Every structure is written in structure tokens, then in C-alpha cells.
Amino acid sequence: MNVKLITALSVLTVAVLAGCNNAKSPDAVAHDVAAEQQKAANNVADVRKDASKDNASATDKVDDKSKVLNNVEAKGAYDVALARAEGNHRVALEKCNAVSGDAQSKCTDMADADYNAAKANAKASEVSTKQ
């Protein structure tokens, strides 16, 4: 019985091995190739879609950081312009002390007007630059 079993297994093994070396038909190969190409194309499309989403997300983060940086720069420029205007105003007021009477009043009014205009210009520049 062992001989018959071993013989049957041997014949079966030879038959299986002989079948492994058989080439597929050209139609079957073409179908399998087309299916793999479609899978590969779908995979590439999915990866591109994911990469595009990641890129868009990163771009949004950069845009947000860019806006923050731009707004900080605008605020800094406003602060500098305001400090310059205040300094110029104080200097102008000291110069007004060199004259007296009506001339001093006009000089002070002119210094105040220049200061207010400089503040308004600085604020307008800040607002127009901020995002």
C-alpha cells in the first residue's frame, strides 16, 4: 500500500510540475498585464492625490505663517513710524519754545498737525499692508 501511495504521489507531483511550466495563452497574458497596468495607474493616481492634499495643506500652513510674518512686519513698521513722529513732534515743540506769543501758538498748532498727519499716514500704511 505504501508503494501505491508513493507511486500515486510521484505521478501527481510530476503532473503538477509539468503544468507549472506551461505558458499562459497570449490573451490571458494580455488580460493580466492590462489588469496590473490598471492597478498601477490607480495606485499612482491615489498617491498623487494624497501628495496633492499634503502639498495643499503645507501651502496653507506656509500662507498662514507668511500672513503672520507680514502682519508683524506691518506692526513693526507702524511702531517705528509712530516713534519717529513722536520724536519729531517733541523736537518741533521745543523749537516752538524759541518764539513767543501768537507765533508760538501757530508753531505748536503746526507741530500738532504734522504729528497727527504722520500718525494717520503710519496707520494707513499699516492697515494697507496687513492681510
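**Figure 1. Lysine 106 in helix α3 of the predicted model.** K106 is exposed, with a relative accessible area of 56%, in a model that is predicted rather than determined by experiment. The residue belongs to helix α3. Between the C-alpha atoms of K106 and C96 the distance is 8.7 Å, although ten residues separate the two in sequence. The neighbour of K106 in the chain, C107, has a relative accessibility of 25% and is therefore classed as partly exposed.

**Figure 2. The disulfide between C96 and C107.** A disulfide is a covalent bond between the sulfur atoms of two cysteines. The structure contains one such bond, and it joins C96 to C107 with an S to S distance of 1.9 Å. The bond connects distant parts of the chain, since C96 lies in helix α2 and C107 in helix α3, eleven residues apart. About the S-S bond the torsion is about -80 degrees, so the disulfide is left-handed. The two partners fall into separate accessibility classes: C96 is buried at a relative accessible area of 0%, whereas C107 is partly exposed at 25%.

**Figure 3. The packing of helix α2 against helix α3.** Two packed helices are described by the angle between their axes and the distance between the axes. Helix α2 spans residues 26–96 and helix α3 spans residues 102–129; their axes come within 9 Å and cross at roughly 175 degrees. Because this angle is over 145 degrees, α2 and α3 are roughly antiparallel to each other. On the α2 side, the residues in contact are N70, A74, K75, Y78, A81, L82, A85, E86, H89, A92, L93 and C96. On the α3 side, they are Q104, C107, T108, A111, D112, Y115, A118, K119, A122, K123, E126 and T129. By residue class, the contact between α2 and α3 comprises 13 nonpolar, five polar and six charged residues. The cysteines of the disulfide, C96 and C107, are both included in this contact.

**Figure 4. Histidine 89 and its contacts.** H89 is situated in helix α2. With a relative accessibility of 15%, H89 is under the 20% limit and therefore counts as buried. When neighbours within four places in sequence are set aside, the contacts of H89 are with A111, D112 and Y115. These three residues are also listed among those of α3 that meet α2.

**Figure 5. Alanine 120 and its distance to L82.** A120 forms part of helix α3. Its relative accessibility is 44%, so A120 counts as partly exposed. From A120 to L82 the C-alpha to C-alpha distance is 9.3 Å, with their positions 38 residues apart in sequence. L82 itself is one of the α2 residues in the contact with α3.

**Figure 6. The chain as the setting for the close-up views.** The secondary structure consists of three helices and zero strands, and along the sequence the pattern reads α-α-α. The chain has 131 residues, of which 8% count as buried; C96 and H89 are examples of buried residues. The accessible surface of the chain is about 10400 Å², and carbon and sulfur atoms account for 59% of this area. Of the contacts between residues at least 6 apart in sequence, 62% join residues at least 24 apart.

Terms used:
Residues are numbered from 1 along each chain as its sequence is written. This is a predicted model: local features need pLDDT of at least 70, side-chain atom pairs count only at pLDDT 80 or more; totals for chains, interfaces and linings use all residues. Side-chain values use heavy atoms; hydrogens and water are left out. Axes are lines fitted to C-alpha atoms, for helices over the stretch in contact, and angles run from 0 to 180 degrees between N-to-C directions. Helices (H or I, at least four residues) and strands (E, at least two) are DSSP runs, numbered from the N terminus. Angles under 35 degrees count as roughly parallel, over 145 as roughly antiparallel, 65 to 115 as roughly perpendicular and the rest as oblique. Contact means heavy atoms within 4.5 Å. Ala, Val, Leu, Ile, Met, Phe, Trp, Tyr, Cys and Pro count as nonpolar, Asp, Glu, Lys and Arg as charged, and the others, Gly among them, as polar. Buried means under 20% relative accessible area, exposed over 50%, partly exposed in between (1.4 Å probe, protein chains only). Accessible areas come from the Shrake-Rupley method with a 1.4 Å probe; for residues, only the protein chains shown count as cover. A disulfide is a pair of cysteine sulfur atoms within 2.5 Å.
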